[in-house]
Structures are given as structure tokens and as C-alpha cells.
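Trainee: I should like to take a close look at the salt bridges of this protein, and at the place where its domains meet. Would you please take me through them in one connected account?

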Amino acid sequence: MDSLRLVRPELLDLLGYEPIEPVDVLAEELGIPADQIVKLDGNENPYGPSPRVNEALANFDLYHIYPDPEQRRVRQALADYLGLDSEHIVVGNGSDELLELIACLFLSPGDVAVNCVPTFGMYAFVCQTRGARVVEAPRRADFSLDVASVEKAAREGAKVVFIASPNNPSGNTISAADLEAVLSTGALVVVDEAYVEFSDQSFVGLVPQQDNLIVLRTFSKWAGLAGLRAGYGAFPKGITELMLKVKMPYNMNVAAQVAVLASLADRETLQERVQAIVRERERLFGVLAAVPFLRGFPSKANFILYRIQGIDAREVWRRLRQQGIFVRYFDTPGVKDCIRITVGKPEHSDRLLAALKEIGGSLAP
Ligand SMILES: Cc1ncc(COP(=O)(O)O)c(C=O)c1O
């Protein structure tokens, strides 16, 4: 194909982001009914959206009108929720879109960004599509930040540092002291709090005092809106203005905006579900501690990372799949032989536990 000659050469070999498959595709692949799939691979919320979201979407009657490009109502509601001024807030088509816009705003081809691996794959992906260079600052064995190497990269000219807290896939949070050290380098620090509602620590309150800090959030996890795509972020005021200029005018569709407003109005229900997931996370961590080939890492998110020891990790993942139980498998540096298990409902944990015991029995040397 001749037009390939015209493509930006650095994109020809792009690895791409490795997404998870939807339930109907998985069910078809395995030849089992979709309702028998236990989907613990996407860190989604097993309880779904608030019932008020369904109601609000059914009653909304302005689907034929473009959304407000300045997102005024939804930004104000989020500002009230966070206790910040709305001039700090931008919403996006998932927080993924905000990552892409941050890369668009800050990273020219050849610029450097720091990625604290192992972490969420989207940071490297958005850098690569912009032609920016990614410098890796590998986390320590316990997945805490190696602050010295982040500081070194930042002092050598990196413009942006991406830090997920809680981190995906390890589930641990960054300490206030580590964040302060990274902020003091003057690089733009993007703290991704996609899972913050399952933890006990947020840095969003620092945004008004800290002109190199962005905190990203999402409705995908705690509010069960992953499919609708609703993310937001708190930005320094001058950056908000620019984000609103570089984004597509109608980036968050009206359905997502209605859903965000209805979710915020039904925080109590959603919080109860978050608490149920946190309780289930602790129960699952406890019961899986008795599985001899699993070593778990304590988590502050809605998933737990396990290292598989003594038996073939890929085979465990594959056999779980065969039984309709989907978890995420990793084979990259720092998370070799690891699986990440999303915390589902108690019955999902029970099926997983039974399957793991059976698989362990048949694979044991
Ligand atoms: C750390 C992290 N940030 C962001 C996202 C994506 O969020 P959204 O659905 O809002 O694009 C994910 C999704 O898995 C994630 O793990």
C-alpha cells in the first residue's frame, strides 16, 4: 500500500495498547453463555452504575443537541464534589482521553516523559503516538517508587512524570513524601487516581497550591461507568484553559454527562458498593493466602496482583480462561509470572478460588 510511505515513520512499528476483550467476544470464543463468564480482567465494577443513572438516561430528552463544549454543569458538579473551583476541572471521554490531551499539550516529538514501570500501559502509549521518548524508572521489588531515579530523569530534562496511585497493576499508593520529592523537580507530575475511591489517600486537594500537579480521576471504577467513558481531572488553572482549547469541543457526550451528574447525586449507593468491594478485596486476599502457589501484594484498589510460584503462570491463566474465568496475565519486567485479579462479587471470588485449587492440584509437580 503506497500511502504507508506517508505515515509518520515512528508509528509504523507502534506496539499499540493491549486492550481487554468484551464479554460477548469472550463468550463466543469459548462457546459458553455470556452470563457464565467471570470477568475479572478489566478492573470494572461488578455492580454496574447507580440505578439513578439508568433512570436519568431514560428521561433525558436532549440527545439531539450537542453537548456544552465548556462542560459547565458537569465541571461545576465535580468541583463541588472535590471542594475545588471549577476552573481546575476538565472532563474527558474517559481519563484515557485526558492522558492523550496532556501528551498533546506538553510533549513535542523528542520530549521525554518518565514512566514508573510496571504501570498502566496507556502512559507509554500516549507518549509514543506523540513521538515523545519514554524513560523508565522501574519501581522497587515492593512496587514503591524509586524516587532517586525519577528525580534523576526529571533533572535531566524530562517534562512529564506519570504516577498511578493506587498503581495498576500493583495496587500500592505513593507516599506524600515521595510525591513531594518528585514535585520539587519542577517536572509536570500527573497523578492518576483512577482507583482512589478504594483507597484512603488522595492528592487532589494539593492541586490549587501546586502549579505542576495534575490529578486524574474516572467514573469507570467506583461508579461503574467504564462503558460510557467518563473521566475528569484537576489541573492548575492556566492548564485547564489550554486543555479546554486543545480538546475536541464535544469530547464528553451528553449521555456520559447525564450519568456523571446522576452518579454524583447517588453517591451514597455507590459508596456502599465501593465498601462492599473493599470488604471483598480483603476477604479474597485472606482466602487466596492459603493457595500455596500464589503470592499476593496488598492492594488499595479494586484488584490484587499475584505472583505465581512453582507452577507455570501462563498455564494457570489459560486454564482459568478455559473455565470462563478471565484475569489479566503479565509477563513483562517487574511482573513476570503475575496475574491481576479484579475484585468481583463474593460468588466470583468463590468460583475463582475453587478453580485455582483444582488447577493447582493438577499442575503441582
Ligand atoms: C491507572 C488507570 N488509569 C486510567 C484508566 C482508564 O480510565 P478510563 O476508563 O477513565 O479511561 C485505567 C483503566 O484501567 C487505569 O488502570
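Mentor: The structure, which is a predicted model, holds 20 salt bridges. A useful one to begin with pairs Asp 111 with Lys 159, whose closest N and O atoms are 3.0 Å apart. Asp 111 lies in the loop between helix H5 (95–106) and strand S3 (112–115), and Lys 159 lies in the loop between helix H7 (147–155) and strand S5 (160–164), so this pair ties together parts that are 48 residues apart in sequence. The two partners may also be described by their accessibility. Asp 111 has a relative accessibility of 18% and therefore counts as buried, the limit being under 20%. Lys 159, at 35%, counts as partly exposed.

A second pair consists of Glu 156 and Lys 152, with 3.3 Å between the closest N and O atoms. Here Glu 156 is exposed, at 60% relative accessibility, and Lys 152 is likewise exposed, with a relative accessible area of 53%.

A third pair is found in helix H11, which spans residues 267–288. In this helix the side chains of Arg 283 and Glu 280 meet in a salt bridge with an N to O distance of 3.0 Å. The two residues are three apart in the helix, so about one helical turn separates them. Arg 283 is partly exposed, with 33% relative accessibility, whereas Glu 280 is buried at 6%. Elsewhere, Lys 39, Asp 41 and Glu 44 are joined into one network by salt bridges that share partners.

Let us now turn to the domains. The domain assignment of the protein chain gives domain 1 as residues 2–48 + 268–363 and domain 2 as residues 51–265. Their C-alpha centres lie 23 Å apart. Across the boundary, 32 residues of domain 1 are in contact with 30 residues of domain 2. Together the two domains bury about 2,400 Å² between them, and carbon and sulfur atoms give 65% of that area. On the side of domain 1, Tyr 17, Leu 270 and Lys 300 supply 27% of the area buried against domain 2, which is more than any other three residues supply.

How many salt bridges are counted between domain 1 and domain 2? The count is one. Among the salt bridges of the model is the pair of Asp 200 and Lys 300, with the closest N and O atoms 3.3 Å apart. Asp 200 falls within the bounds of domain 2 and Lys 300 within those of domain 1. Lys 300 has already been named among the residues of domain 1 that supply buried area against domain 2. Polar contacts between the domains amount to nine residue pairs, both residues being at pLDDT 80 or more.

Which elements of domain 1 supply residues to the side that touches domain 2? Helix H1 (9–12), helix H11 and strand S10 (303–308) each supply at least two residues. The largest share, seven residues, comes from H11. Helix H11 is also the helix that holds the pair of Arg 283 and Glu 280. By residue type, the side of domain 1 that touches domain 2 divides into 15 nonpolar, nine polar and eight charged residues.

How values were computed
Residues numbered from 1 in each chain as written. Predicted model: local features only at pLDDT ≥ 70, side-chain atom pairs only at ≥ 80, totals over all residues. Heavy atoms only, no water. Salt bridge = Lys/Arg side-chain N within 4 Å of Asp/Glu carboxyl O. Helix = DSSP H or I, 4+ residues; strand = E, 2+ residues; numbered from the N terminus. Buried < 20%, exposed > 50% of the residue type's maximum accessible area, 1.4 Å probe, protein only. Domains from an automatic or database assignment. Contact = heavy atoms within 4.5 Å. Buried area = accessible area lost by both parts, 1.4 Å probe. Polar contact = N/O pair within 3.5 Å; in protein donor to acceptor, adjacent residues only side chain to side chain. Nonpolar A, V, L, I, M, F, W, Y, C, P; charged D, E, K, R; others polar.
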